[in-house]
Amino acid sequence: VIMFLSDMSGRKPLYRKAFVFFSSPIARELVLEIKKDTLVLPRIGALREMNLEYFAIDSQGFVTNNERALEELYGDEENNKKAVACLNVMATRVASVFASLREFPFVRFHAARSLDANTMTTLHDLIPTKLAAGVWDSLMKYKKSIPNFPQTETCELLIIDRTIDQIAPLIHEWTYDAMCHDLLNMEGNKYVHEIPGKNGGQPERKEVLLEDHDPIWLELRYAHIADASVRLHEKMTNFISKNKAAQIQHGSRGSGEMSTRDLQKMVQALPQYSEQIDKLSLHVEIAGKVNRIIRESGLRELGQLEQDLVFGDAGMKDVIKFLTTKEDTSRENKLRLLMILAAIYPEKFEGEKGLNLMKVAKLTNDDAIAINNLRVLGGEPDAKKTSTSGFALKFDMHKKKRAVRKNRAEEETWQLSRFYPIIEELVEKVSKNELSNEDYPCLNDPSPSFHGTPYAGPATQNPPAHSLRSRRTPTWARPRGSDDGYSSDSVLKHTSSDFKKMGQRIFIFIVGGATRSELRICHKLTNKLKREVILGSSSLDDPAQFITKLKMLTMPQELSLDDLQI
């Protein structure tokens with residue numbers, strides 16, 4: 001503000017007019033500072049607060065960019081200053097999403113496991129509670145200060161944290177999108193690849209963004225990697241069969257694999273199709289690379305074991321057998337497997353038992369820290385056995401094998417696509433108004449008129465022509481593109497579908513990092529529930545990032561409620 005005033009004051013300002021937009025609320029003192037300057041005032045064309053304190057990661061996802069949230073909120077701090085500061089920033093940023101969309105939500109949150117006087121409660125049990133209170137404070141201010149801000153509830157917000165599902169950030173997710181981010185060294189959505197140099201020169205490095213503007217990416221990102229590969233092959237074959245010039249370039253090899261150099265020649269021969277060929281060849285290359293890594297690192301077998309563990313079809317013995325027979329499995333993959341095991345069987349990692357498992361897997365002390373921090377993140381193992389709500393409900397201590405997921409009714413076409421994140425069940429319960437008020441209290445004290453029926457907005461009056469449940473293939477693995485070789489225009493039309501015709505939006509916010517599988521679920525449920533589902537989080541983490549963040553944690557001591565100001 002000081003720089004702005006110095007630019008605009010004096011007899012000869014730097015600019016004739018200034019249009020000033022603040023991305024976040026501005027302090028009153030600074031507004032008064034601007035108002036005091038009588039020379040500057042007439043030179044201001046606009047002065048606005050925009051409430052844009054968040055990053056959109058796609059059409060249905062945003063992050064507040066609190067990259068260190070896990071460490072700051074769950075770390076061991078003598079005083080909780082860092083945690084409180086982090087929650088305040090996060091609350092303001094989450095609230096600004098509702099300000100910019102002009103939505104006023106019912107605010108629900110995952111309640112602390114137990115708030116009775118005899119139970120010790122850690123600060124991290126109360127994180128969703130505290131964040132919900134912070135968001136609520138901002139919303140109350142917006143109701144008074146923002147023009148046209150709704151005075152009654154227009155949508156639903158559920159605030160949870162990473163403790164609710166510790167498996168989603170670790171398990172191998174088999175969609176094209178997740179595999180790319182998990183197996184290729186991508187920086188955010190940026191993929192770097194080499195293309196043959198012109199006239200046989202040195203290969204050139206080229207950066208591409210795998211984002212919404214790429215129709216092939218949009219069509220295939222949530223398809224199973226095997227399905228995506230098949231569909232890419234079909235697109236290429238189709239393109240070649242419809243273009244004489246392409247056939248000449250491709251020669252008589254039928255529909256065999258094409259090298260990048262072949263594709264380069266084709267681009268030179270068919271300049272009018274260069275964009276389509278470029279996009280197609282890029283994805284053919286990426287899918288090929290991903291499939292090669294899957295093959296070389298024996299991921300299918302590991303993936304099967306991960307899913308069997310989660311669904312209770314495999315147990316400790318199977319993990320030991322895998323670790324002793326598949327010794328060439330990478331350290332990171334063995335660590336992820338043991339972390340999934342620790343999330344399901346925390347007691348197997350106590351004392352000697354834990355050390356022996358680490359030895360069998362040949363893991364380091366660093367890795368042991370990650371596993372231990374994950375166990376504590378889900379509540380102390382001892383607490384799990386006696387707790388009556390929350391995380392412990394998933395465990396039946398008497399069973400040899402435990403299932404932390406139930407098989408869903410939908411038939412999956414592809415192997416290894418059984419897994420689903422817990423938020424899928426939570427969002428469906430929000431939509432049907434089946435969330436327990438004890439575990440997920442609402443700050444608004446909802447009126448009976450809103451929750452008297454499972455509200456699904458206008459869509460309930462015009463039911464779709466066919467039941468979404470009757471589809472054999474999960475919606476995200478269905479071909480939606482047009483059948484020609486290179487365009488996926490129909491997909492772009494899908495993305496701009498009119499959300500106004502749908503019921504009220506559902507927002508779900510995860511403190512401590514969200515995963516790509518959770519973002520996929522929001523897209524999937526939007527189609528299924530006919531309500532736009534929006535995912536928010538402090539960050540979007542791939543498995544390697546999540547593990548690094550866990551390693552940076554040092555876990556807190558128990559606090560009593562008296563130590564906390566709720």
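This is a guided tour of a predicted model, one selection at a time.

**Whole chain**

Start with the full protein chain. It holds 22 helices and ten strands. Colour by burial next: buried residues make up 49% of the 566 residues. Now think about contacts with a sequence separation of 6 or more. Residues 24 or more positions apart account for 77% of them.

**The N terminus**

Select Val 1. This residue lies in the segment before helix H1 (2–8). Is Val 1 buried or exposed? Neither: its relative accessibility is 30%, so Val 1 counts as partly exposed. Add Phe 22, Ile 26, Leu 30 and Ile 34 to the selection. Val 1 is in contact with these four, leaving aside its neighbours within four places in sequence. Draw a distance from the C-alpha of Val 1 to that of Ile 26. The two atoms are separated by 9.9 Å, and the residues are 25 apart along the chain.

**The six-stranded sheet**

Show strands S3, S4, S10, S9, S6 and S5. In that order they form an open sheet of six strands with mixed pairing. Which strands are at the edges? Strand S3 (55–58) and strand S5 (105–109), each pairing on one side only. Look along the sheet to see the twist, which averages 25 degrees from one strand to the next.

Begin at the S3 edge. S3 and S4 pair in the antiparallel sense over three bridges. A hairpin of two residues joins S3 to S4. Pick Ala 56 to find one bridge: its partner in S4 is Phe 62.

Move to S9 and S10. Strand S9 (residues 503–511) pairs with strand S10 (residues 531–537) in the parallel sense, over six bridges. Select Ile 506; its bridge partner in S10 is Val 533.

Finish at the S5 edge. S5 and S6 run parallel, joined by five bridges. Arg 108 stands opposite Leu 158 in S6. S5 is an edge strand, yet five of its five residues are buried. Turn on the side chains. Pro 105, Val 107 and Phe 109 point one way from S5, while Phe 106 and Arg 108 point the other way.

**Helices on the sheet**

Add helix H4 (residues 81–101). H4 packs on the sheet and touches strand S4 (61–63), S5, strand S6 (155–161) and S9. The direction of H4 makes about 165 degrees with that of S9.

Then add helix H21 (residues 516–529). H21 lies across S3, S4, S9 and S10. Relative to S10, H21 runs at about 165 degrees.

**Two asparagines with positive phi**

Select Asn 51, in the loop between strand S2 (44–49) and S3. Asn 51 is not a glycine, but its phi is positive, at about 50 degrees. With a relative accessible area of 6%, Asn 51 is buried.

Next, pick Asn 65, in the loop between S4 and helix H3 (69–74). Asn 65 also has a positive phi, of about 65 degrees. How accessible is Asn 65? At 37% relative accessibility, Asn 65 counts as partly exposed.

**H8 against H11**

Hide the sheet. Two packed helices are described by the angle between their axes and the distance between the axes. Show helix H8 (residues 225–242) and helix H11 (residues 274–296). Their axes come within 10 Å and cross at roughly 145 degrees. The crossing is left-handed. Show side chains at the contact. H8 contributes Ile 225, Ser 229, Leu 232, Lys 235, Met 236 and Phe 239. From H11, the residues they meet include Leu 280, His 283, Val 284, Ala 287 and Ile 294. By class, this contact has ten nonpolar, four polar and one charged residues.

**H16 against H22**

Last stop: helix H16 (residues 365–377) and helix H22 (residues 543–551). The two pack at an angle of about 85 degrees, with their axes 8 Å apart. That angle makes H16 roughly perpendicular to H22. Which residues make the contact? On H16 they are Asp 366, Asp 367, Ile 369, Ala 370, Asn 373, Leu 374 and Leu 377. On H22 they are Phe 546, Ile 547, Leu 550 and Lys 551. Colour these by class to see seven nonpolar, one polar and three charged residues.

Definitions and conventions: Residues are numbered from 1 along each chain as its sequence is written. This is a predicted model: local features need pLDDT of at least 70, side-chain atom pairs count only at pLDDT 80 or more; totals for chains, interfaces and linings use all residues. Side-chain values use heavy atoms; hydrogens and water are left out. Axes are lines fitted to C-alpha atoms, for helices over the stretch in contact, and angles run from 0 to 180 degrees between N-to-C directions. Helices (H or I, at least four residues) and strands (E, at least two) are DSSP runs, numbered from the N terminus. Angles under 35 degrees count as roughly parallel, over 145 as roughly antiparallel, 65 to 115 as roughly perpendicular and the rest as oblique. Contact means heavy atoms within 4.5 Å. Ala, Val, Leu, Ile, Met, Phe, Trp, Tyr, Cys and Pro count as nonpolar, Asp, Glu, Lys and Arg as charged, and the others, Gly among them, as polar. Two strands pair if DSSP finds at least two bridges between them. A crossing is left-handed if the near helix is turned anticlockwise from the far one by less than a right angle, and right-handed if clockwise. Buried means under 20% relative accessible area, exposed over 50%, partly exposed in between (1.4 Å probe, protein chains only).
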